[in-house]
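Please open the structure in your viewer and keep the sequence beside it, since this tour moves from one selection to the next.

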2 protein chains.
Amino acid sequence: MSTIKDVARLAGVSVSTVSRVLNNSKPVNSDVRDRVLIAIDELGYRPNSVARTLVNKKSQLIGVVIPDIDNPFFSALVRGVEEEAKKKGYSILLCNTGGDLEQEIQYLDILKEKYAAGVVFLTARVQDEHVSFFRESKTPVVFACQPENLTGGFSSVAIDDFRAAYEGTSYLIKREHKNIGFVSGPLSDSSSGVLRVEGFKQALIDNGIDFRSEWLYEGNYRYRSGYTGGLKILQQLERPTAIFCANDEMAVGLLSAARELDLSVPEKLSVLGFDDTVMAEIVNPKLTTIRQPICAIGKYSAHTLIGEIEGGVEKQHLLLEYEIVERGSCKSI
Amino acid sequence: MSTIKDVARLAGVSVSTVSRVLNNSKPVNSDVRDRVLIAIDELGYRPNSVARTLVNKKSQLIGVVIPDIDNPFFSALVRGVEEEAKKKGYSILLCNTGGDLEQEIQYLDILKEKYAAGVVFLTARVQDEHVSFFRESKTPVVFACQPENLTGGFSSVAIDDFRAAYEGTSYLIKREHKNIGFVSGPLSDSSSGVLRVEGFKQALIDNGIDFRSEWLYEGNYRYRSGYTGGLKILQQLERPTAIFCANDEMAVGLLSAARELDLSVPEKLSVLGFDDTVMAEIVNPKLTTIRQPICAIGKYSAHTLIGEIEGGVEKQHLLLEYEIVERGSCKSI
DNA sequence: TTGTACGCGTTATCAC
DNA sequence: GTGATAACGCGTACAA
C-alpha cells in the first residue's frame, strides 16, 4: 500500500503538493499536477481515509439508526439511504436499536467517536437525549418519518401522515362506508402514528360520522396486534364494514382475523392498509393501501443530510407524495 | 473531547502509562492504575477509535456484503450479524451490491481502506476476484450460505442445502406425491441453488421416480419468477401434484399462479417452500416450508469471523440445522 | 506556486 | 514499572 510520500517521491515534489492536487485545496502548476497525477496512477495510490478522518475530524460514514433492519419498512428506507450515499462517496454504518433509547444513545456515541459525517435517524419519538446529542456534537442529522414539529429544529423527510390518513378515510367514506374501524400504532410515543388517528378522526367529523372508540384498537405495528385488534373489533355485536390499519403488517394480521371469523374480504369487510410494503402485494386478497415512498424517503434523507454536511445547506422539512394504490381489499357497499 | 494526554496530565503520569492501563498491554502499579482510572472517569475520556485504527491498522468495523438489504432473507442475516457484532464491540458497515461483481469489489476496496477487521460475505457465487482480494489483503472473511467446497478455503456458515432439499422432496414423496415439480434458483452461478436441485433429483432417484425436465423451471428467487414458473408448469397437459420451490418468495408467486388457474392449494396442488422468511406465515394458505435459520447463520458468521479476527481461531465450516415446518400448503394425496 | 514542519490521538519501541 | 519518542498517513499554517 503506497502512501502520499511515495507519490511525492515518485513525482519529485513535496507531500503538500500532492495533497493539494488531491483536494484541489490550492492552485498547482499544471505540469506538476500532471506529474503527480501520473505518479498516483502509476502507484495505484488511494488516500488513506482513516488518516484523513483523523486530521479532518470527519469521516465518510453516515450512520443510519433504525429500530429493526429485519422489517421491510425499515430495510426499504435503508436501501434508499445506501443508494444515495454510495453515489456521493459515503458508506453506511448500520445502527439497529430495537427501538431502545439506551441503544440509540450508545450508537450515537459510537458514531461520534468514529467522526461520522452525519446520521439519518428513524425513531418512534425524538427525545431530549437525541436533540441534545446532535446539538452538542454538531453532527448533522435528518429525521425520517417524523412530523416536522417534533424534530427539535433539525431537518426531516416524511409524508403528511395526517392528510394521508384523512384521504384514506375519505376514500372509504366515498365508497359508502359509514362504519369504519381503525387499528393504530402505539399512541403514547409514535408521533406519526398519532397523526394518522387524528387524520382518521377528522375525516369522520368532516363527513358527519361519529367516531366510535370501541372500533379503535391501539396496536404496535406488528402482525400479531393487527390480528388481535381485528378479533377485538370484529367480534362485537355491531361491527364496522371497513377497517383502516395504520400499516400493512397489521392489515395483514387483520386479514387473518377476518378469515378466521369467516368474513370474506372485501365482500363483507373492506381493509385499507398503510405503507405499501412488499407484503401488500403478496397477500390474498392483495391489499389496497396508502403508498408511502419509503425508499425515496431514504434517498431524500441522505440527500438532505449530505447537503448539510458538504454545502452547509439550510435545514429543511421535506414532505413527499403518497398515493392510494387500489388493489383487492376494499369495495363499495 | 478529552484525549489521552489530558488523562495523563490529570493523573500525573505519561501517556504510555495511560495507554497501558487502557489496553492491559503491560503491568502497571495498582496505585498509579487507580489514579489513571479515576482521571479517565473524571474526564469522561473515551479512546479515539480513529487514531487507534490508524496505528493498529485494524478497525472495529465488520463489513457485511449482501445483494439486497430490502429482501427479508438478507435483512434477517444482517440482523443476526449485527446482534453478535454489537455484543463484541464491532459495528456494521453495510455493503449493498445488487449482486453486481463490480460493486462487490468496490465495497471490498472501501473496506480495505477503512481497515475493516473482517467481512461477512453473501454472494451468489464466490469468484476469483473475491478470493484473491481476501488472500492478498489478509482480511478475515466468512462466507454465508455458501457450499463448503466453493469458498476458496475460507470459512463458511450455511445449512446442508443438498440434504435439506432431499428431505423436503422425501417429505412430499412420503405423502404419496409422485409427480413433483421444482422451481429452482439460477443454475448458472447460484451454488447453493444447484445443490437444492440436486438434492431434489437424488430423492426422486432414490425413490424410483423419474425426473421430468418439463417440470423444472429455473427462476431467480423473485416473486415474479415463481409466478411465471407456476404458470409454465401448471398449464401443461400433465401437471404435477406438488411443486417444490427453492425459496419462499417464489413459492408465494407460485401460489398466485395456482390461484389464477383455479387450482386450490393444498387440495389440488401441494406447495413446499424454502427458507421460512416472514412471508411464509402471512400468505394464505400459510406455507409449509423448510426453515433455514437465517438469523442464526448471521450470528454464527459473525461469531466465527470475530474468532478469526481476535483469537486466530482456525478456519471452519459450520453447518446449521434446518427443519421442515408444516403449515397449510401441503397435503397427502 | 512550492516546500517544511507540526499536529491529529494512539500504540509501540526503546531506554531508564 | 515508567517515560520519552517515533511512527501511522494525511492536511495545513507558515515560510520561502
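How many nonpolar, polar and charged residues does the surface near DNA strand D have? By class there are eleven nonpolar, ten polar and four charged residues, where Ala, Val, Leu, Ile, Met, Phe, Trp, Tyr, Cys and Pro count as nonpolar, Asp, Glu, Lys and Arg as charged, and the others, Gly among them, as polar.

This is a predicted model, in which local features need pLDDT of at least 70 and side-chain atom pairs count only at pLDDT 80 or more, while totals for chains, interfaces and linings use all residues. Residues are numbered from 1 along each chain as its sequence is written, chains are lettered from A and ligands numbered from 1 in the order in which they are written, and side-chain values use heavy atoms, with hydrogens and water left out.

**Around DNA strand D**

Select DNA strand D and the residues near it, that is, those with a heavy atom within 4 Å; of the 25 residues around the strand, A:Ile4, A:Tyr45, A:Arg52, B:Thr17 and B:Arg20 come nearest. Of the atoms of DNA strand D within 4 Å of the protein, 66% belong to sugar or phosphate, and the rest belong to bases.

Next, show A:Asn23, which has a polar side-chain atom 3.3 Å from a phosphate oxygen of DNA strand D. At A:Asn48 a polar backbone atom is 2.8 Å from a phosphate oxygen of the strand, and on the other chain a backbone N or O atom of B:Asn29 lies 2.8 Å from a phosphate oxygen of DNA strand D.

**Between chain B and chain A**

Now select both protein chains: 42 residues of chain B are in contact (heavy atoms within 4.5 Å) with 42 residues of chain A. The buried area, meaning the accessible area (1.4 Å probe) that the two parts lose on being put together, summed over both, is about 3,800 Å², and carbon and sulfur atoms give 56% of this.

The rule finds four salt bridges across this interface, each a side-chain nitrogen of Lys or Arg within 4 Å of a carboxyl oxygen of Asp or Glu. To see a salt bridge, select B:Arg79 and A:Asp70, whose side chains meet at 3.5 Å, N to O.

Finally, colour β2 (residues 91–96) of chain A and β2(B), two strands (DSSP runs of E, at least two residues, numbered from the N terminus). They run antiparallel and are joined by three bridges, where DSSP must find at least two bridges for strands to pair. Within this pairing, A:Ile92 stands opposite B:Leu94.

Conventions: Helix = DSSP H or I, 4+ residues; strand = E, 2+ residues; numbered from the N terminus. Polar contact = N/O pair within 3.5 Å; in protein donor to acceptor, adjacent residues only side chain to side chain.
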